[in-house]
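Please examine the model shown below before reading on. The paragraphs after it go from the chain as a whole to individual helices and residues.

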Amino acid sequence: MSRSSTLLAAAIGAVLAIGTIAAPAPAAAEPQARGSDRDSRRASQQPKAEERYPNATREAPAGKASRKMGRKLEQMNELYSNDDLAGARAVADEILADPAANDYEKAYSAQFAAQAAYEADEIQAAIDYMGQAVELDALDNNSHFNAMLNLAQMQSAAEQNEAALATYERYFAESGSTEPQDLVMMGQTLYLLERHAEAAQAIQRAIDASAEPNPQWQSLLMQVYVESGDTAGALRMAEQVAAARPDDRRAQLNLAVVYHQADMPEKAIEVLERLRAGGQLETANEYNQLYATYLGMEGQERKAAEVISEGLERGVLTPDRNTYIALAQAYYFSDQPGPAIEAYRKAAPLDEDGETYLNLAKVLYQEDRPAEAAEAAQKALDKGVARPDQARDIINASR
């Protein structure tokens, strides 16, 4: 991975993460005894749960909990409500194994068991339980499709991305969902499978369907474009995100990286210098990106030296061999031999061999400092160089 790609990945971070799966809804068990007319009227006035999947192709089954299983379901609910997830799971397992339990009761219980297993970090067990809840096909549409969505998320968390994608595809085909968040989750799975064109399409649909798109979705779409080699798409999205979030450091860093990858170094520098002026370059990678961009441009070595020096003074850049060599080269190619020599002097002892001492000797010799040049050339020979004849020539010429 290139340095710029690494910076982009670090700036974007984890766009989406699996969270706690949605808790099951309370079971609707049959009443244990007939209530009064007033109780009946009160029950009839309870608001009906909003149908979240009006476009579903599935006709919801009319399953419900039986009086026989009512006590166990209530016990499971109570244990779950009191955060005794292991106890709730144990009761759920009893119901799942009971031949007298109907499919609704088993599907409902499997959701509880999945939640308990997930909380215990037993992801595969949670997947198996939630898969049961889906395949029993006995819950109302809201619960059934929610279980399917949870299943896909858990499969993604377990890096079972092919299975997760199949679940998402089934979910969209049967639920008729157009929820942006659902589309983004499927887009992320497609991205992890490196199906970039389909991932971009799903995420773009989510963004288009949102009045105020989540900036993380836009960042994910930009990353998809970057990794698919669609520089134009990545640039378009990076500019949109940066324009909408001018004070967001990460958005601006992403824009700089994409400009660099689009071979637009001047624009990358403009963004990075704006961040530097505001004291918002915070990591060695960010300083490296700026000074490396300067070094890659003709006539900008003096600015590169300025950036490296500032990074060292702030303690952001590590005073190691690579940093001092970059500083020495920046000074040397901007006609500042004195500072270049000092930077080489700091880098040479940190080098594993004598190559940096040899470069120091060459600069000293060019600057008509023969005694120092010979001393540096001898140190180069002592540490070992690929071309010892060059070091000996400097020593002989300096006598």
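What follows is an explanation of selected features of this structure.

The model is a predicted one. The protein chain contains 21 helices and zero strands. Of its 399 residues, 46% are buried. When contacts between residues at least 6 apart in sequence are considered, 58% of them join residues at least 24 apart.

Helix 6, which covers residues 123–135, offers a starting point. Its 13 residues reach 18 Å from the first C-alpha to the last, close to the 18 Å expected at 1.5 Å a residue. Buried positions in helix 6 are Ile 123, Ala 126, Ile 127, Tyr 129, Met 130, Gly 131, Ala 133 and Val 134. These buried residues of helix 6 pack against four further elements: helix 4 (85–97), helix 5 (103–119), helix 7 (141–157) and helix 8 (161–175).

Two loop residues in this part of the chain deserve attention for their backbone geometry. Most residues other than glycine have a negative phi. Asp 137, which follows helix 6, has a positive phi near 55° although the residue is not glycine. Asp 137 belongs to the loop between helix 6 and helix 7. With a relative accessible area of 39%, Asp 137 is partly exposed, because that value falls between the 20% and 50% cut-offs. Glu 159 likewise has a positive phi, near 60°, and is a residue other than glycine. Its place is the loop between helix 7 and helix 8. The relative accessibility of Glu 159 is 67%, so this residue counts as exposed.

Helix 10, residues 196–208, shows how burial can be distributed around a helix. The 13 residues of helix 10 should span 18 Å at 1.5 Å a residue, and the end C-alpha atoms are indeed 18 Å apart. Within helix 10, the buried residues are His 196, Ala 199, Ala 200, Ala 202, Ile 203, Ala 206 and Ile 207. They cover an arc of only 165° around the axis, and therefore lie on the same side of helix 10. The face turned away from that buried side carries the exposed residues Ala 197, Gln 201 and Asp 208. Cover for the buried residues of helix 10 comes from elements including helix 9 (180–192) and helix 11 (215–228).

Further along, Gln 252 is found in helix 13, residues 249–261. Is this glutamine buried or exposed? Gln 252 counts as buried, because its relative accessibility is 5%. Leaving aside neighbours within four places in sequence, Gln 252 is in contact with Ala 242, Arg 245, Pro 246, Val 271, Arg 274 and Leu 275.

The next feature is a pair of helices. Helix 18 (residues 337–347) and helix 19 (residues 355–366) pack with their axes 9 Å apart and at an angle of about 160°. The angle makes helix 18 roughly antiparallel to helix 19, because angles over 145 degrees are classed in that way. Their crossing is left-handed. On the helix 18 side, the contact is made by Ile 341, Tyr 344, Arg 345 and Ala 347, and on the helix 19 side by Thr 356, Asn 359, Leu 360, Val 363 and Leu 364.

Finally, Pro 388 lies in helix 21, residues 388–397. Pro 388 has a relative accessible area of 26% and is therefore partly exposed. Its C-alpha atom is separated by 9.6 Å from that of Gln 378, a residue 10 residues apart from Pro 388 along the chain.

How values were computed
Residues are numbered from 1 along each chain as its sequence is written. This is a predicted model: local features need pLDDT of at least 70, side-chain atom pairs count only at pLDDT 80 or more; totals for chains, interfaces and linings use all residues. Side-chain values use heavy atoms; hydrogens and water are left out. Helices (H or I, at least four residues) and strands (E, at least two) are DSSP runs, numbered from the N terminus. Buried means under 20% relative accessible area, exposed over 50%, partly exposed in between (1.4 Å probe, protein chains only). Contact means heavy atoms within 4.5 Å. The expected span of a helix is 1.5 Å times one less than its number of residues. The arc is that of the directions from the helix axis to the C-beta atoms. Axes are lines fitted to C-alpha atoms, for helices over the stretch in contact, and angles run from 0 to 180 degrees between N-to-C directions. Angles under 35 degrees count as roughly parallel, over 145 as roughly antiparallel, 65 to 115 as roughly perpendicular and the rest as oblique. A crossing is left-handed if the near helix is turned anticlockwise from the far one by less than a right angle, and right-handed if clockwise.
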